[in-house]
Amino acid sequence: MADPVIVNARGMKCPWPALRAARAMRDAPAIRIEADDPIAGRELEALARQNGWLFAVLDTHQYALSRMVPD
């Protein structure tokens with residue numbers, strides 16, 4: 001599988017990190033996003049849940065979204 005697309009959303013207030021993530025996921029099977037808005041994690045998790053994507057917290061202000069791989 002290819003490396004995830006890196007999305008830098010540092011300094012952006014929500015909903016911009018989620019909008020950037022949604023746009024990146026149009027063309028990529030997985031992204032890694034850096035977002036330092038305090039509510040970005042919750043927004044990104046909700047976006048992933050709404051679209052059936054996997055969501056993970058990687059580190060402080062770093063998150064991963066990916067499409068679920070069928071079994």
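**Exercise 1. Find which residues of helix α2 are buried, and decide how they are arranged around the helix axis.**

Solution. Begin with the terms: helices are DSSP runs of H or I with at least four residues, strands are runs of E with at least two, and both are numbered from the N terminus. A residue is buried under 20% relative accessible area, exposed over 50%, and partly exposed in between, with a 1.4 Å probe and protein chains only. By this rule the buried residues of α2 are Ala40, Gly41, Leu44, Leu47 and Ala48. They cover an arc of only 130 degrees around the axis, which puts them on the same side of α2; the arc is that of the directions from the helix axis to the C-beta atoms. On the other side of α2, the residues Arg42, Arg49 and Gln50 are exposed.

The model is a predicted one, in which local features need pLDDT of at least 70 and side-chain atom pairs count only at pLDDT 80 or more, while totals for chains, interfaces and linings use all residues. Residues are numbered from 1 along each chain as its sequence is written, and side-chain values use heavy atoms, with hydrogens and water left out.

Next, ask what the buried side faces, where contact means heavy atoms within 4.5 Å. The buried residues of α2 pack against α1, β2 (30-34), β3 (53-59) and β4 (62-67).

**Exercise 2. Check the length of α2 against the expected span.**

Solution. The expected span of a helix is 1.5 Å times one less than its number of residues. For the twelve residues of α2 this gives 16 Å, and the end C-alpha atoms are 16 Å apart, so the two values agree. Just after α2, glycine 52 takes a positive phi of about 75 degrees.

**Exercise 3. Describe the two sides of α1 and what covers the buried one.**

Solution. In α1, the buried residues are Pro17, Ala18, Ala21, Ala24 and Met25. They cover an arc of only 130 degrees around the axis, which puts them on the same side of α1. Trp16, Arg23, Arg26 and Asp27, on the other side of α1, are exposed. The cover over the buried residues of α1 includes β1, β2, α2, β3 and β4.

**Exercise 4. Describe how α1 and α2 cross, and which residues meet there.**

Solution. The axes of α1 (residues 16-27) and α2 (residues 40-51) come within 9 Å and cross at roughly 35 degrees. Here axes are lines fitted to C-alpha atoms, for helices over the stretch in contact, and angles run from 0 to 180 degrees between N-to-C directions. The crossing is right-handed, a word used if the near helix is turned clockwise from the far one by less than a right angle, and left-handed if anticlockwise. At the contact, Pro17, Ala18, Ala21 and Ala22 of α1 meet Ala40, Glu43, Leu44 and Leu47 of α2. By class, this contact has seven nonpolar, no polar and one charged residues.

**Exercise 5. Place leucine 47 and list its contacts.**

Solution. Leucine 47 lies in helix α2, and at 12% relative accessibility it counts as buried. Not counting residues up to four places away in sequence, leucine 47 touches Ala18, Ala21, Ala22, Trp53 and Leu65.

**Exercise 6. Decide whether valine 57 and glutamine 62 are buried or exposed, and list what each touches.**

Solution. Valine 57 is in strand β3 and, at 55% relative accessibility, counts as exposed. Leaving aside neighbours within four places in sequence, valine 57 is in contact with Gln62 and Tyr63. Glutamine 62 is in strand β4 and is buried, with a relative accessible area of 14%. With residues up to four places away in sequence not counted, glutamine 62 touches Arg10, Arg32, Ile33, Glu34, Ala56 and Val57.

**Exercise 7. Examine the backbone at proline 15 and histidine 61.**

Solution. Proline 15 is in the loop between β1 (5-8) and α1, and a cis peptide bond, with omega about 20 degrees, joins cysteine 14 to proline 15. Histidine 61, found in the loop between β3 and β4, has a phi near 70 degrees, a positive value in a residue other than glycine. With a relative accessible area of 28%, histidine 61 is partly exposed.

Definitions and conventions. Nonpolar A, V, L, I, M, F, W, Y, C, P; charged D, E, K, R; others polar.
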